[in-house]
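Reader: I am new to this structure and would like a close look at one part of it, taken slowly. Please choose a strand, and then follow what surrounds that strand outwards.

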Amino acid sequence: MKAMCTAASVAAAFLISPVGASAQAFPEKPIRMVLPFPPGGVTDILARALAEKLSPRLGQPVIVDNKPGAGTVLASDYVARAPADGYTLLLAASSLGTAPLLYDKVGYDAIKSFAPITQVASVVHVLVVNQELPIKSVAELVTYAKLHPGKLNYASTGTGTSTHLEGELFKSMSKTYMVHIPYKGSGPALTDVVGGQVGVMIDALGSSGPFIKSGKLRALAVTTAKRSQSVPELPTVSESGLPGYEAMPWLGLVAPAGTPQPVIDRIYREVVEVLKEPELRERFKGWGLDIIGNTPAEFTSFLRRDIDQWSRVISSAKIKAD
């Protein structure tokens, strides 16, 4: 009986405390969703669609604030230093975890500085090859690369980017040697893969899709553990020649560490409800994104595993960002 009274007293104290009262009333003012990318891209469109749907559910405007720069570090550092009250959120990408491994001076810790809310979506990445290559599956790519060590080049969107790390993971697991050619973005990289200057690339479906549909590139597989909702006809790398391979670039909402759990839970619930809307799901699919919407605990576990995986790849390949 005494224990029950104590628990009730603690709960009552929380409800009347400033933190408890604030969490109950949340939100009382507009919420800022910081985005580490410039306006106009798929991630920016996604952020604005999400903000538009969240605003009426939360009863306050959700404002997208673009803060590109320093390989997404600028926005991440800004949110890490923001008040832990739920009014400043970060729509983070995979680089949240990899940037501290690639750059010498980063002012945040991907685990300690943030409170994960939910992994919104995975970005569908596709392994593609030039049409002239005699390669029609992942198994054939591995065989060809082993028979011609150093002959194949693979393109990426830049040193230290997810497409670079995924290529290095592929090389390591397949025990093949392909030469890395970094580009400044998908556009010039895909142009050279189509033109035959480079043979292989792992890239987002959103940018490589038009080349695949037009027959200018041959898609071999998706990089995720399971087949994608967006292109279910494509096998995974793992099932089509390289068992165990998994690379899942992601987008997710995080808040500054120390944000009250009731606030985290409220945002999580509303985001997940938004992600269930059929119209939004179709829009995500058209952008080459697979909806996830996992719990804060599941997102935290995933983030730890993701950082561990890429830490090993970065260390083994001795990668440093430009």
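Author: Two strands are said to pair if DSSP finds at least two bridges between them. With that in hand, and keeping in mind that this is a predicted model, we can begin with strand S3, residues 88-93, which pairs with S10 in the antiparallel sense over 4 bridges. One residue shows how the two are matched, since Leu91 has Leu253 in S10 as its bridge partner. S3 also pairs with strand S1 (residues 31-35), this time in the parallel sense and over 3 bridges, and here the bridge partner of Met33 is Leu89 in S3.

These pairings belong to an open sheet of 6 strands, whose order is S2-S1-S3-S10-S4-S11 and whose pairing is mixed. At its edges are strand S2 (62-66) and strand S11 (289-291), each of which pairs on one side only. Direction ignored, neighbouring strands of this sheet are turned by 30° against each other on average.

The next step concerns how far S3 is covered, and for this a residue counts as buried when its relative accessible area is under 20%. Because 6 of the 6 residues of S3 are buried, the strand is largely enclosed by the rest of the structure. In a regular strand the side chains alternate between the two faces of the sheet. In S3, Thr88, Leu90 and Ala92 point one way while Leu89, Leu91 and Ala93 point the other way, and all of them are buried.

Helix H5, residues 95-102, packs on this sheet, where it touches S3, strand S4 (114-123) and strand S10 (250-256), and its direction makes about 75° with that of S3. H5 is itself mostly covered, with 6 of its 8 residues buried, namely Ser95, Leu96, Gly97, Thr98, Ala99 and Leu102. The cover over these buried residues includes helix H4 (73-80), S3, S4, H7, S10 and H12. Elsewhere on the sheet, helix H11 (residues 278-286) lies across S4 and S11, running at about 145° to S11.

Two of the helices that cover H5, H7 and H12, also meet each other. Helix H7 (residues 162-174) and helix H12 (residues 296-317) pack at an angle of about 75°, with their axes 10 Å apart; they are therefore roughly perpendicular to each other. From H7 the contact involves Leu165, Glu166, Glu168 and Leu169, which meet Gln309, Trp310, Val313, Ile314 and Ala317 in H12. Sorted by kind, the residues of this contact are 6 nonpolar, 1 polar and 2 charged.

H7 leads on to another sheet, since this helix lies across strand S5 (125-130), S6, S7 and strand S8 (200-204), running at about 150° to S6. That sheet is open, has 5 strands in the order S7-S6-S8-S5-S9, and is mixed in its pairing. Within it, strand S6 (residues 153-156) and S7 pair in the parallel sense over 4 bridges, and the partner of Ser156 in S7 is Pro182. Helix H8 (residues 186-195) lies across S5, S6, S8 and S9, and runs at about 140° to S8.

A word on confidence completes the picture: the protein chain averages a pLDDT of 92, and 92% of the residues score at least 70. Over residues 1-17, however, the pLDDT is below 50, and beyond near neighbours in sequence this stretch has 7 contacts in the model. Where pLDDT is low, the predicted coordinates should not be read in detail.

How values were computed
Residues are numbered from 1 along each chain as its sequence is written. This is a predicted model: local features need pLDDT of at least 70, side-chain atom pairs count only at pLDDT 80 or more; totals for chains, interfaces and linings use all residues. Side-chain values use heavy atoms; hydrogens and water are left out. Axes are lines fitted to C-alpha atoms, for helices over the stretch in contact, and angles run from 0 to 180 degrees between N-to-C directions. Angles under 35 degrees count as roughly parallel, over 145 as roughly antiparallel, 65 to 115 as roughly perpendicular and the rest as oblique. Contact means heavy atoms within 4.5 Å. Ala, Val, Leu, Ile, Met, Phe, Trp, Tyr, Cys and Pro count as nonpolar, Asp, Glu, Lys and Arg as charged, and the others, Gly among them, as polar. pLDDT is the predictor's confidence in each residue, from 0 to 100. Buried means under 20% relative accessible area, exposed over 50%, partly exposed in between (1.4 Å probe, protein chains only).
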